[in-house]
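Here is a short report on one protein chain. Look over the sequence and the fold before reading on.

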Amino acid sequence: MMGAIRTIPRTVTTGYLRALRAPLSAAERIARQQDNENWPPTVAFERLQAKLEGAAGIALRDDELLETARLREEKVEKLREAQTLKKASELERQQARDEERKRDAEIAVQRGKAARAADERKNVIEAETERKKRDAEQAAAKKERAVKAQEAAQQKVIDRRERATKAEALRAESEALDLTDEALAAREKVDLIEETIEGNKEARKTAGT
C-alpha cells in the first residue's frame, strides 16, 4: 500500500519533468540533436533533472527517485567529462591546425625569401656576365684598333720606304742619264777632234800634191 502511495508522487514528478523537457525535445528536433546526448542544452537539462529528482526523492523519501537521480547525476558527470575531453581534443586539434598554419606561413615566408634571394643572385650573375661581356667586347675592340693602328703605322713606313726607294731609283736613273749625256758629249767631242785631225791630214796631202 505504501509503495502504491509513493508511486503516485513519483509519477507526478516524472510527468512534470517530462512536461518541463518538452521545449527541449522540440529544440532537439529542430536542431537535429535528438540522438546527441552531448548537446550542451541536453546535458544542462539532464543536470537539472537529476537535481529535481534528487530533491523529490528526499522530500518523498522515495529511494527509487533517489537512485534515478544518482544514476542521472553519474550520467551527467560522464557527459561533462566527455564534453571536457572533447573540448580538450578540439582545442588540441585547433592548436595543431594553428601550428600547422603558422608553420605553413613561415615556410611560405622562407620560400619567398629564398625565391627573392635566388632572383637577386640571378640578377647579379646576369649583370656580372653582361659586364664581362661588355669588357671583353671593349677589350677586343681596343685590341682591334691597336692592330689597325699598328698596321697603318707599318703601312706608312712601307709607303715611306717605297717612296724613298723610288726617289733613290729616280736619282740613280737621272745620274745615269747625266753620265750617258756626258759620255755622248765626250764621244761627240772626240769624234769632232778626230774629224778635225783627219781633215787637217787631208788638207796637208792635198797641198803637198
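## Where to start

In which helix is the place of Y16? Y16 sits in helix α1. Keep that residue in mind, for Y16 returns below as part of a surface patch. One caution comes before the rest: this is a predicted model.

## The overall plan

The protein chain holds 3 helices and 0 strands. Along the sequence, the pattern reads α-α-α. Helix α1 covers residues 2-31. Helix α2 covers residues 40-60. Helix α3 covers residues 63-208.

The chain has 209 residues, and buried ones make up 12% of them. The accessible surface is about 16,900 Å². Carbon and sulfur atoms account for 57% of that surface. Now take the contacts between residues at least 6 apart in sequence: 53% of these join residues at least 24 apart.

## Helix α2 in detail

How many residues does α2 have? The helix has 21 residues. From its first C-alpha to its last, α2 reaches 30 Å. That is close to the 30 Å expected at 1.5 Å a residue. After α2 comes R61, with a positive phi near 55°.

Several residues of α2 are buried. Among them are T42, V43, F45 and E46. Further along, A50, G54, A56 and G57 are buried as well. Q49 and E53 also belong to this buried set, and the next section looks at both.

## Two buried residues: Q49 and E53

Start with Q49, which is found in helix α2. Is Q49 buried or exposed? Q49 counts as buried because its relative accessible area is 10%, under the 20% cut-off. Setting aside residues up to four places away in sequence, Q49 touches L17 and R72.

E53 lies in helix α2 too. E53 has a relative accessible area of 5%, so it is buried. Which residues is E53 in contact with, leaving aside neighbours within four places in sequence? They are L17, L65, T68, A69 and R72. L17 and R72 are thus partners of Q49 and of E53.

The link to R72 goes further. The side chains of E53 and R72 make a polar contact at 2.8 Å. A network of salt bridges also links E46, E53 and R72.

## A nonpolar patch on the surface

Turn now to the outside. Y16, L20, L48 and L52 make a nonpolar surface patch of about 340 Å². Which helices each supply at least two residues of this patch? They are α1 and α2.

## Salt bridges along α3

Side chains of opposite charge can pair when their charged atoms come close. The structure holds 9 salt bridges. Three of the pairs in α3 are worth a look.

R70 forms a salt bridge with E74, and the closest N and O atoms are 2.5 Å apart. Both residues lie in helix α3, 4 residues apart, which is about one turn of the helix. An α-helix has 3.6 residues a turn, so residues three or four places apart point the same way. R70 is partly exposed because its relative accessible area is 38%, between the 20% and 50% cut-offs. E74 is also partly exposed, at 37%.

E77 pairs with R80 in another salt bridge, with the closest N and O atoms 3.8 Å apart. These two also lie in α3, 3 residues apart, about one turn of the helix. E77 is partly exposed, with a relative accessible area of 35%. R80 is partly exposed at 39%.

The side chains of R101 and D98 meet in a salt bridge too, at 2.3 Å from N to O. Once again the partners lie in α3, 3 residues apart. R101 has a relative accessible area of 46%, so it is partly exposed. D98 is partly exposed at 35%.

## Putting it together

Three helices make up the pattern α-α-α. Buried E53 contacts R72, and these two join E46 in a salt-bridge network. On the surface, α1 and α2 each supply at least two residues of the nonpolar patch. In α3, the pair R70 and E74 sits about one turn apart, and so does the pair E77 and R80.

Key: Residues are numbered from 1 along each chain as its sequence is written. This is a predicted model: local features need pLDDT of at least 70, side-chain atom pairs count only at pLDDT 80 or more; totals for chains, interfaces and linings use all residues. Side-chain values use heavy atoms; hydrogens and water are left out. Buried means under 20% relative accessible area, exposed over 50%, partly exposed in between (1.4 Å probe, protein chains only). Contact means heavy atoms within 4.5 Å. Patches are made of residues with over 30% relative accessible area and no salt bridge: like charges are joined within 9 Å, nonpolar side chains (Val, Leu, Ile, Met, Phe, Trp, Tyr) within 5 Å. Accessible areas come from the Shrake-Rupley method with a 1.4 Å probe; for residues, only the protein chains shown count as cover. A salt bridge is a side-chain nitrogen of Lys or Arg within 4 Å of a carboxyl oxygen of Asp or Glu. A polar contact is a pair of N or O atoms within 3.5 Å; within protein, one must be able to donate a hydrogen and the other to accept it, and residues adjacent in sequence count only if both atoms are side-chain atoms. The expected span of a helix is 1.5 Å times one less than its number of residues.
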